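Open the structure in your viewer and keep the selection box handy. We will start with the whole chain and then move to single strands and loops.

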Amino acid sequence: MIQTSISYQPFTQQRIADFQKRETPFYFYDMALLDNTLAALRRSSSKHDFTVHYALKANVNEELLRKIKAAGLGADCVSGNEIRQALACGFSGKDVVFAGVGKSDREIRFGLEHDIYCFNCESLQELTVLQELAAEMNKTARVALRVNPNIDAKTHRYITTGLRDNKFGINPRDFEKIASLLQDSPNLVLRGLHFHIGSQVTDIDVYAGLCERVNDLQQWFTDRGIDLPDLNLGGGLGINYKEPDRYPIADFESYFSTIAQHLKRLPGQHVHFELGRSIVGQCGSLISRALYIKEGVETTFAVLDAGMTELIRPALYQSHHYIENLSSDLPEQTYDIVGPICESSDCFGRDVQLAEIRRGDLIAIRSAGAYGQVMASRYNLRDLAESVYGKRENLVTNEK
Ligand code: LLP
């Protein structure tokens with residue numbers, strides 16, 4: 001993955017002084033980085049006239065959603081409550097696409113009531129239910145068929161969604177049945193096909209492969225004279241968890257240009273995306289304090305006041321997040337950085353080298369803007385972490 005390198009210093013002394021006055025743990029969002037990310041996204045997507053929907057599942061905070069809406073993005077929702085939140089933050093029904101393998105009747109009705117742009121449907125049965133509910137409400141539902149393309153996204157198996165043994169999408173073997181079902185469904189209008197093969201995809205070539213597959217699958221419909229005015233390629237573009245200050249903005253340029261190059265876009269067809277992580281991932285950090293430093297038999301543990309209840313990604317996906325000590329410039333030591341929760345998986349990183357930690361030091365866990373706060377839990381009856389929003393001054397862009 002080629003990435004544009006930008007030098008970036010997110011935590012000024014002034015900011016750290018502000019953090020010191022606050023209760024920890026909390027989530028800090030760098031709103032200027034979000035602005036810069038949205039500007040880069042727009043520059044790269046508009047070259048190809050691509051439409052981007054922000055995947056709310058990554059982060060549903062109002063401050064972020066309002067900025068994202070103001071930047072002209074649509075909303076990709078996976079529950080009735082996400083649609084409700086999108087509407088409450090300024091999106092209109094027409095901005096919303098609704099995905100998910102298990103939409104309840106209540107959620108479908110809610111989507112129909114608000115005339116959302118499109119239901120991304122995942123099964124024959126879902127289409128039947130959607131037709132019934134739309135007929136009852138005297139509505140017409142626009143639908144896209146989520147197709148399982150059987151493409152390996154080369155990412156963690158828990159966030160791989162486009163392989164044939166994943167629960168997602170319609171099997172191309174069912175196209176015949178679907179086509180006749182749609183013909184008998186007066187309240188459904190087919191808009192196009194939808195794909196999403198997984199998340200945190202860093203090998204851009206994977207998208208070239210997806211496009212080749214999409215080109216083949218579309219052919220089945222065009223051969224039968226079935227119109228596909230829309231194509232939705234989902235999300236998944238990865239971010240750099242190892243060096244967030246060197247690569248604070250995802251490689252939108254390569255992503256969109258690879259797709260533009262390999263996709264056989266039908267005449268007049270609109271191409272949509274659903275990006276989550278690449279938009280909000282880098283602007284968020286989890287800020288915590290070191291409670292205790294203790295020597296194990298072979299390991300030095302730094303016990304933080306944040307744990308898997310605030311950020312579950314390392315425990316769930318063994319994911320790496322860059323960790324830094326904001327309070328110390330002492331020589332580096334090696335630590336296992338752990339949380340206070342009664343689970344051995346409550347560990348943010350093993351053998352992490354960072355400036356010597358003393359009790360009370362502020363520790364930042366970076367790249368936590370996506371799938372951080374939204375996946376928090378109240379396990380051990382923990383309080384939910386607050387959000388702090390900051391503006392930034394010293395982003396230096398070296399972009400060509
Ligand atoms: N569209 C669909 C249908 C999806 O299932 C997802 C993510 C997206 C779009 C947005 O993907 P993104 O651009 O954010 O990669 N909790 C996991 C990630 C789960 C992703 C679920 N689906 C994590 O923390 O890595």
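In counting charges, Lys and Arg are positive and Asp and Glu are negative, while His and the chain ends are left out. Each charge is placed at NZ of Lys, CZ of Arg, CG of Asp or CD of Glu. Colour the side chains that way: the protein has 44 positive and 52 negative ones, and the centres of the two sets lie 2 Å apart.

A word on the source: this is a predicted model, where local features need pLDDT of at least 70, side-chain atom pairs count only at pLDDT 80 or more, and totals for chains, interfaces and linings use all residues. Residues are numbered from 1 along each chain as its sequence is written, and side-chain values use heavy atoms, with hydrogens and water left out.

**The whole protein**

Switch to cartoon view. You are looking at eleven helices and 18 strands. Helices (H or I, at least four residues) and strands (E, at least two) are DSSP runs, numbered from the N terminus. The radius of gyration is 22 Å, close to the 21 Å that the globule rule gives for 400 residues, so the protein is as compact as a globular protein of that length. That radius is taken over C-alpha atoms, and the rule is 2.2 Å times the number of residues to the power 0.38. Along the principal axes, the C-alpha atoms fill a box of roughly 70 × 45 × 40 Å.

Now show the surface. About 17,700 Å² is exposed, and carbon and sulfur atoms supply 47% of it. These areas come from the Shrake-Rupley method with a 1.4 Å probe; for residues, only the protein chains shown count as cover. Of the 400 residues, 58% count as buried. Buried means under 20% relative accessible area, exposed means over 50%, and partly exposed is in between (1.4 Å probe, protein chains only).

**Stop one: strand β11**

Select residues 284-295, which form β11. Which strands pair with β11? Strand β2 (residues 26-30) is one of them: it runs antiparallel to β11, joined by four bridges. Two strands pair if DSSP finds at least two bridges between them. Click F28 and find its bridge partner, S285.

Next, add strand β12 (residues 300-304), which pairs with β11 in the antiparallel sense over five bridges. These two strands form a hairpin with four residues between them. K294 is bridged to F301 here.

**Stop two: strand β16**

Select residues 362-365. This is β16, antiparallel to β11 and joined to it by four bridges. S288 partners I363, and R289 partners L362.

Show the side chains. L362 and A364 point one way, I363 and I365 the other, and all are buried. Then add strand β13 (residues 323-325), which runs antiparallel to β16 with three bridges. In that pairing, I323 has I365 as its partner.

**Stop three: two loop residues**

Go to T140, in the loop between α6 (124-136) and β7 (141-146). Is T140 buried or partly exposed? T140 counts as partly exposed, because its relative accessibility is 46%. Leaving out residues up to four places away in sequence, T140 touches N187 and V189. Contact means heavy atoms within 4.5 Å. D115 is 25 residues from T140 in sequence and 8.3 Å away in space, C-alpha to C-alpha.

Finish at N166, in the loop between β7 and α7 (175-183). N166 is buried, with a relative accessible area of 19%. From N166 to N148 is 18 residues in sequence and 8.4 Å in space, C-alpha to C-alpha.
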